[in-house]
Each structure stands twice: as structure tokens, then as C-alpha cells.
Amino acid sequence: MRILWLFLAAAVAAATPVAEDAGERAYAHVVALAGAAPRPAGTEAERRGVDYVAARLREMGYRVEVVAFPFPYFETLKVGLEVTSPVRIALNPRALVYSPSTEGVLAAPLVFGALGRPDDFRAVDVQGRVALVQRGEITFLEKVENAARAGARAVVVYNHEPGPLVGTLTRRSSVPAVTISREEGLRLRDLLAQGPVLVSLVVDTRLETRTSHNVVATLAGRDGGRVLLGAHVDSVEGSPGANDNASGVGAALEAARLLRAQPPPWTVEVVAFGAEELGLFGSEAYARSERVRGLRAMLNLDMVGVGPRLLVGNTGSDRRVVDAALDAARRLGVRLEARRMGASDHVPFERAGVPAAMLHRPDDPNYHSPEDTPDKVRPDLLDPVVRLAAAVLRSPSVVAGPGTLQPTAFR
Ligand SMILES: [Zn+2]
């Protein structure tokens, strides 16, 4: 009897392979990826994440390539900002990504430059000074370059909403630039309203070309057509990146397992992107390569393990993947809302003419902070994302229709 029961149990397990604890399995990947150090792009830690994902996908029977690409690496070695007169106040700045360094300590008067528009600097004299500007309306780079053209030696941008501000200039700026919180910014404005304010600023950063990697894993189908499931493996500096985005990678790995168990007739690619946080460099490298030709659809998973709401969306007007996700969610009984969403790895695919969308949970209080740790991520929130992602890649509608790449949209 015992042997018979074991046999039956094995048969049942084979028939319903892994769907039961997809959320728990995805969560185990989150712990493995985000349990230790942050994984900034171009570091050993990011590479360990890449190797982990490649190994899991190979075990599942995918054909795995690890594809290297160059990107502009950035690291903050030291950053400090202090009011030295009329009182002494130590602030908590962060270097804007791609800020150059100060030459040692920069001591100068602080001037308020409103939103940092060209007109704002016509109204005040920032020559040789440090400009304080508010976030909003134009990009960080535009603010910093406007200030530099007006003669500022450095720029401090303060947030216009509560919470930390991790900003990027997208490329190296002419003068050093840091961000501070809204509270600190308003405090500086109060001081400026009373009289002259002197600050000392230190920014020490490293900017160099480095190599990151995409893991490209293929499950070849019988029929034509190829669809892609992606998630970025890197984190920001100083954050373990459990929800952002070990959660997306963990969910993608378990969706890959479901797809391997019950594959669609078309080819499935599962891709872990490197270097997302500094500027979508991994997805950009893929979307600019020959690999993008013939790709019918792309689904991106970014931050899917924290927060009650689950959203699907993209930046363009193509509804193919969004509608497939909404249909699959209805079939599976998963609550899903459509929203316009950019700022992640689906965007370079949209630009290349590939129907693409992202699944995302928007309510994470620990976004980009040291508190984004595995204990905040919930297996029961990962579970529906795993099942939904697999269902979208199996949907006939995502491979239906004519070739999706217009020749003019390529590159
Ligand atoms: Zn992310």
C-alpha cells in the first residue's frame, strides 16, 4: 500500500507540477538574490545575480546565453553638504547619478534659483555660487546645465514631495549636483530668506565605462513567433532591491518553470536585464540588437512583491500585451488595472516597435531604500504574478497578427 500511495502521489505531483507553491518558490529566489548585498550594475554582486538566474534557467532546460554590453558605470564614493554660516547644519545629500566630483571641498554662498529654468537664473546672481533649485517641470540635467551656464559651481536640487530622491542626470553634467529632501530644501530657503547662507559641498564619484550582462534563456517552440518575459536583476546603490527587482526576477523564473512544464507552440525567451536602474541599459542593448527582429511581444516584471494593487501598462498606444494581461487576469481571477507606465525595461522595446507592457505593484514605501529587504516581499503577492505572466506568454493573441516591427521603427 505504501508503495502504491507513493506512486499515486508522484503521479499527482507530475500532473500539477509547480503551480501550487509558485509564490513560495519565487520568494525563495528573492531571498537568494536580495538576502546579501545590493546589486548595482557593473559590480561583482550584479554578476552573482546574473549567474544565479542563468543557473536556474539552465536547470529548467532553457538554452542560456549571457550577453555582455558596455554601459556608463557610476558610483558615489563620498557625498556631503553642510551649512557653515549663519549656523552649522549637516544635511543628507545624495549625488545625482552621473554627477562629476567637486575638487576637494567646495565652499561657496548658496543662492535660490527657483525651478532652475533659464529665466530663473536671470533674476539672481549665481556666478561662483551653489544654486539651490526645486525639483519639477524640467529635467535634473536641464536644471544643472542652466545653472552651470549662469556660472554656478554646483547645484543642490530639493525634492518637491516627501521621501528620498534618487535622481539621474542620464549623462555627465558640467558641474557637480546633489539632491536633498523637501524638508531640508525648505529649511535652506528659510535661512536664505533671513540673509546670506554659506555651504560646503563634497562630491566624490566614479564614472567609467563598465560591462554588465543580460541573461537570455530560450525555450524553442515548434511554430513561428517569439515572445519575451523580462525583469531586471540590478538594484540601486545602497538598497538590497528585494522588491526592486528580485521580486520580478523570482516571478519570471517561476513563470519560466510553468512555461517549461506546459510550453506554448511558439518560442519563449526569458531575459534577466542588467543595468536597468542607471538608465535601462540592458533592455536598450537588447532592443538595439538584431535579437529584437521578429519579436512579437514583451512582458516586463518590475516590483511585483509589495503592495495591494497590481497594474499593467506601457507608454504607447499598442494594447496587445495590456489586453492579453487583462484577459488572462479575468480568467485567473486576478485583480489587475491598466495604467500608463514607463521608466522600466519595456520602454526600449516599445520604441523598437515591439508590443510591450509591464506588470507592477505601485505601493512600496521602501522603494530604493536600504529597507527594501526580503522580509517586506510577500509570496502570496508573487503567486498571481507568476501565473499571470505565464498565461500572457501562452496567450495566442500575443503572437497573432502581422509582423510587428515596422522597418522604420528599427533603430
Ligand atoms: Zn526596478
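This section describes strand pairing, a zinc site, aromatic contacts and one polar contact in a predicted model.

Strand β1, which spans residues 63-85, runs antiparallel to strand β8, residues 198-219, and the two are joined by 21 bridges. Within this pairing, V83 stands opposite V199 of β8. Strand β1 is also joined to strand β2 (residues 89-91), again in an antiparallel arrangement, through 3 bridges. One of the residues involved is L81, whose bridge partner in β2 is L91. The connection between β1 and β2 is a hairpin, with 3 residues between the two strands. In a regular strand, side chains alternate between the two faces of the sheet.

The zinc ion takes its protein donors from H232 (NE2), D244 (OD) and D302, the last of which contributes two OD entries; these donors lie 2.0 to 2.7 Å from the ion. The angles among the 4 donor atoms range from 51 to 144°, and the site is classed as irregular. For four donors, the tetrahedral class requires all angles to lie between 85 and 135 degrees. Ideal angles at a metal with four tetrahedral donors are 109.5 degrees. Along the sequence, the donor residues follow the spacing H-x11-D-x57-D. Distant parts of the chain are linked by the pair H232 and D302, which are 70 residues apart: H232 belongs to strand β9 (residues 226-232), whereas D302 is in the loop between β11 (295-301) and β12 (311-313). H232 counts as buried because its relative accessibility is 0%. D302 has a relative accessible area of 5% and is therefore buried, the cut-off for this class being under 20%.

Aromatic pairs number 5 in the structure. In the pair of F71 and F281, the ring centres are 6.1 Å apart and the planes meet at 40°, so the pair is tilted. This pair connects distant parts of the chain, since F71 is in strand β1 and F281 in helix α8 (residues 281-287), 210 residues apart. Both F71 and F281 are buried. A tilted pair is also formed by Y286 and F349, with 5.3 Å from centre to centre and 40° between the planes. Because Y286 lies in helix α8 and F349 in helix α10 (residues 346-351), the pair ties together parts that are 63 residues apart in sequence. Y286 and F349 are both buried. Ring pairs further link F71 and F281 with Y73 into a cluster.

The ring of Y73 also has a charged residue over its face: R210 lies there at 3.5 Å from the ring centre. A further arrangement of this kind involves R56, whose charged end sits over the ring of Y52 at 4.6 Å from the centre of that ring.

Strand β8, the antiparallel partner of β1, also contains N214. With a relative accessible area of 3%, N214 is buried. The side chain of N214 reaches the backbone oxygen of G282, at a distance of 2.9 Å. Helix α8, which spans residues 281-287, holds F281 of the F71 pair and Y286 of the F349 pair.

Conventions. Residues numbered from 1 in each chain as written. Predicted model: local features only at pLDDT ≥ 70, side-chain atom pairs only at ≥ 80, totals over all residues. Heavy atoms only, no water. Pairing = 2+ DSSP bridges. Helix = DSSP H or I, 4+ residues; strand = E, 2+ residues; numbered from the N terminus. Donors = N, O, S within 2.8 Å, 3.2 Å for Na, K, Ca; no water. Tetrahedral: all angles 85-135°; square planar, octahedral: opposite > 155°, others 65-115°. Buried < 20%, exposed > 50% of the residue type's maximum accessible area, 1.4 Å probe, protein only. Phe/Tyr/Trp six-rings, centres within 6.5 Å; stacked < 30°, edge-to-face > 60°. Lys NZ or Arg CZ within 6 Å of the ring centre and 35° of its normal. Polar contact = N/O pair within 3.5 Å; in protein donor to acceptor, adjacent residues only side chain to side chain.
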